[in-house]
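Biologist: I should like to learn how the features of a protein model are read. May we work through one together?

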Amino acid sequence: MTTGGTCGQTGPMEPVVRRLRPEEAPAFRRSVMVPFLDPFAGDPDQIADLETSASKTELDRAWVVDTGDRFAGNGAIYSMDVTLPSAPGQACPTIPMAGVSAVGVHPTHRRRGFLRQLMAAMHADARNRGEAIAGLEASESVIYGRFGYGHAADVAEYSIDSRASAFAVPAPPIDLVLMDRDQALDVLPGIFDRQRRTRAGEVNRSPGYWTRLLADRPHRRGGLSASFHAVGDEGYVLYRATRETNVFQGDRATIVVEELRGDSPEVEAALWRFVLDLDLIGRVDVRRRPVDEPVRWRLADPRQLRTIGVEDRLYVRILDTVAAFETRGYQGEGRLVLDILAPDASEGSADEAPGRWVLDAGPDGASCRRAREGEGADLRLGLPAVGSLYMGGFPASLLAAGGRVEELRAGGLALADALLVTRPSPRSGTGF
Ligand SMILES: CC(C)(COP(=O)(O)OP(=O)(O)OC[C@H]1O[C@@H](n2cnc3c(N)ncnc32)[C@H](O)[C@@H]1OP(=O)(O)O)[C@@H](O)C(=O)NCCC(=O)NCCS
């Protein structure tokens, strides 16, 4: 018995999707590795990784495909929250989110409907707990639209030649301390949690996440140096350097910034300046940044900041339309009526998100209710498109241009753009 699953079972059994039992946690973690092409072989690095990830799993929110003598699939939810678009001048509100993760079906059992069953079980659990939205990061962007998820927030990576990085608008001075791991573990979570409320799309980080991030195990450094933690009162930057640079031959290191976060654009500009001015370097690569990177506008020569890539990170699925739309903030004002279509993988009457909804919203708050008889809709759209509009990063007019939103009343798209788009753009800077 590999999994400690259905003991006493004699002949082959039909695989079932069921909740994990607490004593099955080690088998669950090994099962998760299979679909992600990293089978457990007992290597010390794998064992160390499994130990650090153990603290992340919520054992009462994990599901498996049980074949009777082993697991052939898995999924789990992290009880998270995520920042939402704010009203003008306010910090971003947060909303509880079912963070869907560790989803996989083993190659021996794929395309038999187990993902569909896992998603239905996880959504039912999230609804029972009153989570108004679910969110995930998709390994393939084609998978989750059928379950109602829409692309909601990105991260960007930039690269710049540090010797061509003069600012036209100077950054303010900043005092930073180079902290060791234990000091960083003490201080960074507090700064992060304040800072993430400056943008929509940012999920919270559990203590387990911080432990894993700052453990900085050598096999996870990608051949780079150990991490530096440069920390100030209002922000921090975590960075590494390329190794094996021969300074005697004029080689210059590349700095890889894994995270740069400040409470304001001024603090972030000062953190950028700090890494750009490091000695012995020639290039700075900065990861997990927003798509609307403010530092571009500070550079004397903005073209030097090259965009290496933009990744679609957070996908959002609305579970409770009223709670979702009443919790976010609005920078515009108006009444919008949405005709929301059920996703392809229907969950029947359990799914209350589709239907015709009336949103009355403005800077002072919002109310959302089902439309009454005769109230016509402004826009018709699928549930994934609602997830995309909800975080405020993508205008309804853009989705309409892609055929994902239909304008039913002239002016509906302009109204939706004015009401729902948020600035700064959402960013999803934490993997889960
Ligand atoms: C993605 C994965 C979980 C799908 O599991 P599965 O049990 O084969 O999926 P299901 O049989 O329930 O499929 C449900 C539907 O999604 C479709 N689908 C599933 N995976 C797909 C993929 N990768 N590409 C395109 N369509 C996919 C199926 O064709 C099916 O469509 P239908 O409803 O029209 O028949 C599985 O292939 C896997 O584990 N992949 C590797 C790990 C991974 O990418 N996990 C997702 C992490 S975010």
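Modeller: The following dialogue takes up the sheet, two helices, one residue, and then the empty spaces. Please keep in mind that this is a predicted model.

Biologist: Let us begin with the sheet. How many strands does the open sheet have, and in what order do they stand?

Modeller: One reads a sheet from one side to the other, strand by strand. Here the open sheet has twelve strands with mixed pairing, in the order S1-S2-S3-S4-S5-S12-S6-S11-S10-S9-S8-S7. Its edge strands are S1 (16–19) and S7 (177–178), each of which pairs on one side only.

Biologist: How many bridges join S3 to S4, and do these strands run parallel or antiparallel?

Modeller: Strand S3 (residues 71–83) and strand S4 (residues 94–105) run antiparallel and are joined by ten bridges. As a single case of facing residues, asparagine 74 is placed opposite glycine 104 of S4.

Biologist: Which strands does helix H3 lie across?

Modeller: For a helix on a sheet, one names the strands beneath the helix and gives an angle to one of them. Helix H3 (residues 114–128) lies across S1, strand S2 (62–66), S3, S4, strand S5 (133–137) and strand S12 (306–318), and its angle to S4 is about 155°.

Biologist: And which strands does H6 lie across?

Modeller: H6 lies across strands S6 (150–161), S8 (228–232), S9 (235–241), S10 (253–262) and S11 (281–289), at about 165° to S10.

Biologist: May we turn to a single residue? Is leucine 238 buried or exposed?

Modeller: Leucine 238 belongs to strand S9. This leucine counts as buried because its relative accessibility is 4%, and the cut-off for buried is under 20%.

Biologist: Which residues is leucine 238 in contact with, once its neighbours within four places in sequence are left aside?

Modeller: Leucine 238 is then in contact with Leu188, Leu213, Ser227, Phe228, His229, Val256, Val257, Glu258 and Glu259. By way of a distance across the model, the C-alpha atoms of leucine 238 and asparagine 128 are separated by 38 Å, and these residues are 110 residues apart along the chain.

Biologist: How does one find empty space in a structure?

Modeller: A probe the size of a water molecule is rolled over the atoms, and this shows where empty space is left. In this model there are two cavities of 30 Å³ or more.

Biologist: Which residues line the largest cavity?

Modeller: The largest cavity holds about 40 Å³ of space. Its lining consists of Pro265, Glu268, Ala269, Trp272, Arg289, Glu293, Pro294, Val295 and Arg298. Helix H6 (residues 265–276) gives the largest share, four residues. By class, five lining residues are nonpolar, none is polar and four are charged.

Biologist: What lines the second largest cavity?

Modeller: That cavity, with a volume of about 30 Å³, is lined by Thr321, Phe325, Leu338, Ile340, Trp357, Leu359 and Cys368. Helix H7 (321–327), strand S13 (334–341) and strand S14 (355–362) each supply at least two of the lining residues. The lining has six nonpolar residues, one polar and no charged.

Biologist: Which residues lie nearest the centre of the second largest pocket?

Modeller: This pocket contains about 450 Å³ of space. Of its 19 lining residues, Gly150, Pro384, Ala385, Ser388 and Arg404 lie nearest the centre. S6, strand S16 (379–382), helix H8 (383–390) and helix H9 (396–401) are the elements giving two or more residues to this lining, and H8 has the largest share with three. The lining comprises nine nonpolar, eight polar and two charged residues.

How values were computed: Residues numbered from 1 in each chain as written. Predicted model: local features only at pLDDT ≥ 70, side-chain atom pairs only at ≥ 80, totals over all residues. Heavy atoms only, no water. 1 Å grid on protein atoms, 1.4 Å probe; cavity = no way out; pocket = protein on both sides within 12 Å on 5 of 7 lines; lining within 4 Å. Points joined across faces, edges and corners; volume = space filled by probe spheres on them. Nonpolar A, V, L, I, M, F, W, Y, C, P; charged D, E, K, R; others polar. Pairing = 2+ DSSP bridges. Contact = heavy atoms within 4.5 Å. Axes fitted to C-alpha atoms, helices over the stretch in contact; angles between N-to-C directions. Buried < 20%, exposed > 50% of the residue type's maximum accessible area, 1.4 Å probe, protein only.
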